[in-house]
Amino acid sequence: MKINEVIENIKARRSVRTFTDQQVSEEDLLAILEAATYAPNGMHYESWHFTAIRNCDKLIELNNRIKGAFAKSDDLHLQERAHNPNYCCYYHAPTLVIVSNEPTQWWAGMDCACAIENMFLASTSLGIGSCWINQLGTTCDDPEVREFITFLGVPENHKVYGCVALGFANPKTLIKTKAVKVGTVTIVK
Ligand SMILES: Cc1cc2nc3c(=O)[nH]c(=O)nc-3n(C[C@H](O)[C@H](O)[C@H](O)COP(=O)(O)O)c2cc1C
């Protein structure tokens with residue numbers, strides 16, 4: 001199987017869900033955000049926005065408002081999360097990047113997914129752990145959540161398509177070797 005640095009980096013990326021308290025440097029964060037902006041995007045509209053939060057209190061407030069939105073849901077699983085004092089959707093990562101876009105184009109979410117994967121790969125190459133955080137996707141239009149993300153800088157006409165948790169993986173937490181499903185590829189000759 002052919003291998004090079006880029007393919008190795010792709011295979012090395014894993015979702016990290018336990019972080020140390022160490023903050024990602026501003027230089028590394030800027031490199032990760034720049035990688036996001038180089039992602040392919042439909043018609044090259046670049047209508048996306050990346051809101052990076054590095055403030056612990058603001059992240060706690062965001063999590064509390066997301067839990068507030070969950071509390072209004074009929075879904076028992078979300079209700080459980082809402083009332084669990086330990087629930088933290090971003091796993092206490094020191095940095096969270098909210099990835100949003102205008103919902104006017106049907107591919108808006110795809111643009112964001114491309115940018116998010118670029119961030120994951122750039123992070124991996126810099127030794128920084130990352131994870132996709134989806135909870136704002138379903139809660140961004142809850143009034144209390146919307147008020148707060150607007151305050152944080154998410155454009156008012158944007159929907160959130162995903163978030164990226166960034167930080168350093170806790171070395172005590174073992175990440176299992178990835179098993180990749182077989183039979184998902186067809187090559188027609
Ligand atoms: C669209 C999407 C949404 C995801 N949402 C979450 C999430 O909210 N929380 C989480 O811990 N992981 C989330 N993940 C990460 C997946 O669980 C993870 O990529 C998958 O289990 C494979 O593991 P790996 O990333 O280590 O290869 C999400 C991934 C994708 C692509």
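His44 is exposed, at 52% relative accessibility, just past the cut-off of over 50%. In this predicted model, His44 sits in the loop between helix 2 and strand 1, and its phi is positive, near 50 degrees, although the residue is not glycine. The points below cover that loop, the ligand site and helix 5.

**Loop between helix 2 and strand 1**
- Met43 lies in the loop between helix 2 (26-37) and strand 1 (49-53).
- Phi of Met43 is near 60 degrees, again a positive value in a residue other than glycine.
- Met43 has a relative accessible area of 60%, and because exposed means over 50%, Met43 is classed as exposed.

**Ligand shell**
- The residues surrounding the ligand are Arg13, Arg14, Ser15, Arg17, Tyr91, Cys131, Trp132, Ile133, Asn134, Gln135 and Lys178.
- Sorted by class, this shell holds four charged, four nonpolar and three polar residues.
- Strand 3 (residues 129-133) contributes the most to the shell, with three residues.

**Polar contacts and burial of the ligand**
- The side chain of Tyr91 places an N or O atom 2.5 Å from an oxygen atom of the ligand.
- For Ser15, a polar side-chain atom lies 2.6 Å from a ligand oxygen atom.
- In the side chain of Gln135, an N or O atom is 3.4 Å from an oxygen atom of the ligand.
- The ligand taken alone exposes 620 Å², of which the protein buries 62%.

**Helix 5**
- Helix 5 (residues 108-125) has 18 residues, which at 1.5 Å a residue should span 26 Å.
- The end C-alpha atoms of helix 5 are 26 Å apart, so the expected span and the model agree.
- Buried residues of helix 5 are Ala108, Asp111, Cys112, Ala115, Ile116, Met119, Phe120, Leu121, Ala122 and Ser123.
- These buried residues pack against two helices, helix 1 (5-12) and helix 2, and against strand 1, strand 2 (95-101), strand 3 and strand 4 (159-167).
- Strand 3 thus appears in two settings: it is packed against by buried residues of helix 5, and it gives three residues to the shell around the ligand.
- Gly127 follows helix 5 and has a positive phi, near 80 degrees.

How values were computed:
Residues numbered from 1 in each chain as written. Predicted model: local features only at pLDDT ≥ 70, side-chain atom pairs only at ≥ 80, totals over all residues. Heavy atoms only, no water. Helix = DSSP H or I, 4+ residues; strand = E, 2+ residues; numbered from the N terminus. Buried < 20%, exposed > 50% of the residue type's maximum accessible area, 1.4 Å probe, protein only. Near = heavy atom within 4 Å. Polar contact = N/O pair within 3.5 Å; in protein donor to acceptor, adjacent residues only side chain to side chain. Areas by Shrake-Rupley, 256 points an atom, 1.4 Å probe, with all protein chains shown as cover. Nonpolar A, V, L, I, M, F, W, Y, C, P; charged D, E, K, R; others polar. Expected span 1.5 Å × (residues − 1). Contact = heavy atoms within 4.5 Å.
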